[in-house]
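Reader: I have a structure to look at and some questions about it. Can we go through them briskly?

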Amino acid sequence: MLRNLRANPFDCGRPSTRQILLPRSRMTDRLGVSNRTSRRRGTLKRFSTVNNGTVGQTGGRRPPQENRSETSDNRPKRVSLHVENTYRMRPSSEERFSVTKMEKLMSEILDNRLRDTTYNGETCSELAKELVCTIIAKTKEFQWQRYKLVAQVHVGQNDSQAVQVASRCIWDPSFDSYACVSYKNTSLFVVASCYGIYFE
């Protein structure tokens with residue numbers, strides 16, 4: 001194989017007219033050496049990047065980031081709670097929804113809150129919400145396990161009219177129940193009800 005030789009290897013002009021014949025074995029050896037040299041240079045270049053006194057890589061794996069680990073540690077970790085099955089399909093006698101206790105509790109709440117209250121059409125909705133929140137908060141003190149509680153309050157003006165409040169539910173009558181009480185004075189009337197649904 002013929003190879004052109006230049007007088008100056010950095011001269012980009014016309015090559016010299018001298019030619020030399022190289023054997024095929026020597027040329028393959030030179031090609032192998034050049035390939036290994038280029039690979040070695042690429043490897044050294046890859047691991048020789050220096051930024052602010054720390055050695056980094058221009059390719060391959062990304063260097064570890066300390067800020068990312070710090071932000072992840074500051075976040076609150078969720079704790080998974082594993083609860084074993086109790087295999088109970090009905091509540092015990094102590095955990096069952098009590099209608100008498102619920103009626104007594106709601107009567108006390110309505111008497112204490114509505115004793116000196118007059119009807120106001122603009123604030124009656126807020127009054128109903130307040131009574132619902134109070135009933136639910138006080139009912140949780142009984143610690144009835146696995147019961148979903150639903151409270152409902154109707155507030156109206158007492159003008160010697162007849163009012164009937166009815167409800168219909170789909171539930172298990174052996175475990176689910178409800179309590180309902182009413183209160184009225186010279187200005188307003190209130191009908192409060194609380195439903196206890198057993199959650200299996």
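Author: Start with a pairing. Strand S5 (residues 147-157) runs antiparallel to S7, with 11 bridges between them. This is a predicted model.

Reader: Which residue of S7 stands opposite histidine 154, and which residue stands opposite serine 182?

Author: Take S5 and S7 first: they pair in the antiparallel sense. In that pairing, histidine 154 faces valine 191. Strand S6 (residues 177-184) also pairs with S7, antiparallel, over 8 bridges. There, serine 182 stands opposite valine 191.

Reader: How many residues are in the hairpin that joins S6 to S7?

Author: S6 and S7 are antiparallel partners. A hairpin connects them, and its length is 3 residues.

Reader: Is strand S7 largely enclosed or open?

Author: S7 covers residues 188-198. Of its 11 residues, 10 are buried, so the rest of the structure leaves S7 largely enclosed.

Reader: What kind of aromatic pair do phenylalanine 97 and tyrosine 147 form?

Author: Their ring centres are 6.2 Å apart. Both residues are buried. The planes meet at 40°, and a pair counts as edge-to-face only over 60 and as stacked under 30 degrees. The pair is therefore tilted.

Reader: And what kind of pair do the rings of tyrosine 147 and tyrosine 198 form?

Author: Tyrosine 147 is in strand S5 and tyrosine 198 in strand S7, 51 residues apart. Both are buried. The ring centres lie 5.4 Å apart and the planes are at 65°, so the pair is edge-to-face.

Note on methods:
Residues are numbered from 1 along each chain as its sequence is written. This is a predicted model: local features need pLDDT of at least 70, side-chain atom pairs count only at pLDDT 80 or more; totals for chains, interfaces and linings use all residues. Side-chain values use heavy atoms; hydrogens and water are left out. Buried means under 20% relative accessible area, exposed over 50%, partly exposed in between (1.4 Å probe, protein chains only). Helices (H or I, at least four residues) and strands (E, at least two) are DSSP runs, numbered from the N terminus. Two strands pair if DSSP finds at least two bridges between them. Rings of Phe, Tyr and Trp (its six-membered ring) pair if their centres lie within 6.5 Å; planes under 30 degrees apart count as stacked, over 60 as edge-to-face and the rest as tilted.
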